[in-house]
Amino acid sequence: MSNHLIEQAEQLLKQQNFPEAGKIFRKFWEEENNSYAASRYLCCLRKAGHPGAAIRQGKKAKEQFPDNNYIKNELIWAYYDKHIKNFSEEEDINKLIEPAINILRLQPDKLPKELTVMAVVKLAKQKNQWEIVSEWCDKLDPKNLDKTTINGKGKSKQEQWLFAKVKSLIELELWKEARLWALEAIKLYPKEIHFYRWAALALGYQGKVKQAINELEKIILTQRTEWYILQDLANFYSSLNQLYPAISFSCRAALASGEYKTKVTLYMNIAQLSLDTGNIEIAVRNIELSKAIREQEGWKIKQNLQELEYKIYQELEKSQKTVELESKNINYLLKLCQKDWKKQAYSDLPQESGMINYLPQDKSHGFIITDEGKRIFFLQKDLPPSLRKEKLKVYFNLEKNWDRKQQKESLKAVNFCACY
């Protein structure tokens, strides 16, 4: 067959006329025993949307030309297109693993190997199959993964790998290994708060609770405050039987940004801590909130919640107190609980009074001048709208803050109320 026909087939392939190009390549393969034509025919089948046929023909071509890398690569991509590329999240993960293993047996190049492995890792994460996540992460060396992002957004391939690996080790409670990988990840991605959190959790669950608390408190001081890190702190303080800092951090977690649905266990924890510290009315309101959310979402009322509710109402009866609840509406319960959380979240912080001195509309912060003349920083989002007036006298609590400009610890004002 003439070179002219091969050139014609290549032109048809460039024009995406895969059926006509495929006919020529197949004929050249069969009549001339040409390995190049065989690989191009497989490419045409695959790009025409027939990966199954490409696999069948690819197996035949690989037997005929066992050492041809072009044929091997086309077979790999055919497996990927048919079994990996558009795999449904609803499918059994084992149906993904089998073709993925077939691809790896063919010793794929860097890109198809990464895509295949990370497809398994992604689905395993979604299905909480953490052993599979960890095992398949180990099929790649993170040092060889791309560190770049698309237009500076999202996570690089390397960071995605580290995220999956550390998370899997945390879920598997392999604390020592999790700590090592988290610290390695921090070196490479110092802005990712989860790596700091996981490093601290791994330390705490190895029994070094005080060191873990120090690391978590440093995160909320120097980086940013997330409700789940405040909850981690509450859990560790509770494990040390330090109930008052535990309830303080729990209430701060409840007040921090985050969907109330995700905090349903947190509210139950506050109910338990409130019971343990003798705040029975607060315990009632929080257990009712936790239960109401579960009922609204159609979630099962767990046995531990039922047992805690029983204990709380037993103690309420013994105390001869009453808790008036006008309804079990979630918004109503949230408003009641928020008042409780504010009282308990800041009860151990010093309180001062002063005048709002600086409140620019184009800034996210402001300043208060205390009665003693000290200038105190605050975030405007922490100031209730009704108090956003310069020269207004307010009470507030003082909380540790990190001064990024001067790179040192300072104080900020939180939990405002008007002076009457």
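**View 1. Helix 7 passes helix 9 in a left-handed crossing.** As with every view here, this one comes from a predicted model. The two helices, 7 and 9, pack at an angle of about 35°, and their axes lie 11 Å apart. On the helix 7 side, look for Leu111, Glu114, Met118, Val121 and Lys125; they meet Lys157, Gln160, Trp161, Phe163 and Ala164 of helix 9. Sorted by class, this contact of helix 7 with helix 9 has six nonpolar, one polar and three charged residues.

**View 2. Lys165 sits in helix 9, which covers residues 157-171.** Is this lysine, Lys165, buried or exposed? Lys165 counts as buried because its relative accessibility is 1%, under the 20% cut-off. Leaving aside residues up to four places away in sequence, Lys165 touches Ser134, Cys137, Asp138, Glu177 and Trp181.

**View 3. Trp130 belongs to helix 8, residues 130-137.** With a relative accessible area of 12%, Trp130 is buried. If residues up to four places away in sequence are set aside, Trp130 touches Lys125, Lys167, Ser168, Glu171 and Leu172. You can also find Leu169 in this view: Trp130 and Leu169 are 39 residues apart along the chain, and their C-alpha atoms are separated by 7.7 Å.

**View 4. The buried residues of helix 5 pack against helices 3, 4, 6 and 7.** Which residues of helix 5 are buried? They are Ile71, Lys72, Glu74, Leu75, Ile76, Ala78, Tyr79, Tyr80, Asp81 and Ile84. To find their partners, follow residues 35-47 for helix 3, 51-64 for helix 4, 94-105 for helix 6 and 110-126 for helix 7. Helix 5 itself runs over residues 69-84, and its 16 residues should span 22 Å at 1.5 Å a residue. The end C-alpha atoms of helix 5 are 21 Å apart, which agrees with that expected span.

**View 5. Helix 14 and helix 15 cross at roughly 150°.** Here, residues 243-255 form helix 14 and residues 264-276 form helix 15, and the axes of the two come within 10 Å. Angles over 145 degrees count as roughly antiparallel, so helix 14 and helix 15 are roughly antiparallel to each other. Helix 14 passes helix 15 in a left-handed crossing. From helix 14, the contact is made by Leu243, Ala246, Ile247, Ser250, Cys251, Ala253 and Ala254. Helix 15 brings Leu266, Tyr267, Ile270, Leu273, Ser274 and Asp276 to this contact. By class, the contact between helix 14 and helix 15 has 10 nonpolar, two polar and one charged residues.

Note on methods
Residues numbered from 1 in each chain as written. Predicted model: local features only at pLDDT ≥ 70, side-chain atom pairs only at ≥ 80, totals over all residues. Heavy atoms only, no water. Helix = DSSP H or I, 4+ residues; strand = E, 2+ residues; numbered from the N terminus. Buried < 20%, exposed > 50% of the residue type's maximum accessible area, 1.4 Å probe, protein only. Contact = heavy atoms within 4.5 Å. Axes fitted to C-alpha atoms, helices over the stretch in contact; angles between N-to-C directions. Parallel < 35°, antiparallel > 145°, perpendicular 65-115°, else oblique. Left-handed = near helix turned anticlockwise from the far one by under 90°. Nonpolar A, V, L, I, M, F, W, Y, C, P; charged D, E, K, R; others polar. Expected span 1.5 Å × (residues − 1).
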